[in-house]
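Please look over the sequence and the structure below before reading on. The report that follows takes up a few places in turn, with a short heading for each.

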Amino acid sequence: QVPLHRLVMGVLFLAWISIAIWQASQIEATKENEQFLNKDNPLQKSITIINNEFPTANDDLGLKVYYAWGLEEVSRDGVNRLLEPDNFGTPNFVEGFDFNEQCQSDLLDFCDKLKTDPEYKDLIKRKNGLGEVYCFVEELAAYNVKGDLTDCDYVRTGGWRNETWQVAPSDLADIMPGFLSTKSCYDEDGVETTSGRYSNEIGWDGTKLRYASVSAESNVLDPFGLDAESVTRREYDQFVKIAEEANQIMTKSCTGQVIMTDLDDKFVFMNNQNIYVKSAIQSSILGVAIAFVVLLFSTHVLHLAFFASLSIVCVLVSVVGTMVMLGWYLGSIESILICIIAGFSVDYVVHLAHAYEIAKGDTYARITEAFGDLGISVFNGMITSVVASIPLFFCQLQFFAKFGTFLCLTIAFSWVFANFVFMSLLAQLKIPLKEKGC
């Protein structure tokens, strides 16, 4: 009932909530795969060292981004990556795909553009001044002219370009077996065959070319590390732009739209990062909205429901802000935990709000009666929940360890805001309530 006490609590509350909002605004989507074990676990340390402690060099492989013609969207029917991690779905092929002479010429022009266009110098990894592009059409053309790939200087310098190098679609069945067993001129060790080098670029099924693709190595992304969504998104958007430009030129000659993708799940992970953020925000808003409706039905008083919902929002911001202070990133575990904050934090404030609403007398009398009736019960509930969460801190499995920290933070903040902020706000504003039966 002392105004000075409420003033001190108000100042402390504003100071903390300002820090919490600032910290919560800094939360980022995870930049690495979810860790199954605690970071101090010896096995997890070994995995982390292998994944993160060996920096990439200029000679290391960049992420290969593919541009494929002859493919449609993959059918995901029956796919469950949790049970079958290697099952990505069933590929669908464009039945009318035609690897004709014009398509081959357009593919070669596309390769040349990726290699030499200065617009792509920061996007595509460079080697000897040219973009690192895997273009099987070059070696296929030289093989068609020469009958073999023994003269690699002839292949690399493009002497075959002065000849009629395009392969007639009717001749592919005769040429492809020999071509695929020939050693590639672009393999520095001289041991890799064209079928090995272009295993993902050539869609030869033994009788027919089902699809044809060109790949380029990213200058920024690599297949081993994981980057922030903003970094991957920036590169992804540039590769998509290239696909759109290629479609304008090659859709007619190669029969169908280009499919742009990677095979290392980098773009899938980027999408997951975006989903983590969106789902956390959307579910938080929905959770608070549902809590407001529940509180309104419980108390039948608008301002009580509003102030209690405000308390829940403060709990949400405080927990998320503390997560950032603890060095957490927004992964699947954290996103799930944020989704359920509103449900966990409504308990104490709804009890006090209901006790305040059914009490009699003026504001101070109602607060005193509410604390007298339910204060000790709410306190005991908080203590038992916090104590129950402590053993989870020592779990080696990350989900249980993080859930224990989350539970402790949510319960503690819920109790603090319900008792010291929500009730202080009622005491300060002194909004009168109509007595029951009047």
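Is H300 buried or exposed, and what is its relative accessible area?

## The loop residue H300

The model shown here is a predicted one. In this model H300 is exposed, because its relative accessible area is 62%, and exposed is a word kept for values over 50%. H300 is placed in the loop between α9 and α10, and although H300 is not a glycine, its phi is positive, at about 60°. As background to that value, most residues other than glycine have a negative phi.

## The helices on either side of that loop

Helix α9 covers residues 266-299 and helix α10 covers residues 302-325; their axes come within 8 Å and cross at roughly 150°. In general, two packed helices are described by the angle between their axes and the distance between the axes. Angles over 145 degrees count as roughly antiparallel, and α9 and α10 are therefore roughly antiparallel to each other. The crossing in which α9 passes α10 is right-handed.

The contact can also be followed residue by residue. From α9 the residues taking part are S284, V288, A291, F292, L295, L296 and T299, and they meet L302, L304, A305, F306, A308, S309, I312, V313 and L316 in α10. Sorted by class, this contact of α9 with α10 has 13 nonpolar residues and 3 polar ones, with no charged residues.

## S298 in helix α9

Helix α9 also holds S298, which counts as partly exposed because its relative accessibility is 25%. When residues up to four places away in sequence are not counted, S298 touches V350 and H354. A228, by contrast with these contacts, is 43 Å from S298 in space, C-alpha to C-alpha, and the two are 70 residues apart in sequence.

## Strand β1 and its two partners

Strand β1 runs over residues 64-69 and is mostly covered, with 6 of its 6 residues buried. The residues of β1 point to two sides: K64, Y66 and A68 point one way, while V65, Y67 and W69 point the other way, and all of them are buried.

Which strands are joined to β1, and by how many bridges? Strand β6, residues 209-217, is joined to β1 by 6 bridges, and the two run antiparallel. Within this pairing W69 stands opposite A212 in β6, and Y67 stands opposite V214 in β6. Strand β7, residues 259-262, is joined to β1 by 4 bridges, and here too the strands run antiparallel; Y66 stands opposite T261 in β7.

## Strand β6 and its further pairings

Why can β6 be called largely enclosed by the rest of the structure? The reason lies in its residues, since 8 of the 9 residues of β6 are buried, and so the strand is largely enclosed by the rest of the structure.

Besides its bridges to β1, β6 pairs with strand β4, residues 133-134, in the antiparallel sense over 2 bridges, and in that pairing V133 stands opposite A216 in β6. Strand β5, residues 202-204, is likewise joined to β6 by 2 bridges and runs antiparallel to it, with I202 standing opposite A212 in β6. A212 thus appears in two pairings, standing opposite W69 and opposite I202. The strands β5 and β6 form a hairpin with 4 residues between them, and in the turn G206 has a positive phi of about 105°.

## Two further loop residues, N128 and D117

N128 lies in the loop between β2 and β3, the latter being residues 130-131. N128 counts as exposed because its relative accessibility is 78%. Its phi is near 55°, which is a positive value in a residue other than glycine.

Where is D117 placed? D117 is in the loop between α3, residues 101-116, and β2, residues 126-127. D117 counts as buried because its relative accessibility is 16%, and buried applies to values under 20%. Leaving aside its neighbours within four places in sequence, D117 is in contact with D112 and R126.

Terms used: Residues numbered from 1 in each chain as written. Predicted model: local features only at pLDDT ≥ 70, side-chain atom pairs only at ≥ 80, totals over all residues. Heavy atoms only, no water. Axes fitted to C-alpha atoms, helices over the stretch in contact; angles between N-to-C directions. Parallel < 35°, antiparallel > 145°, perpendicular 65-115°, else oblique. Left-handed = near helix turned anticlockwise from the far one by under 90°. Contact = heavy atoms within 4.5 Å. Nonpolar A, V, L, I, M, F, W, Y, C, P; charged D, E, K, R; others polar. Buried < 20%, exposed > 50% of the residue type's maximum accessible area, 1.4 Å probe, protein only. Pairing = 2+ DSSP bridges.
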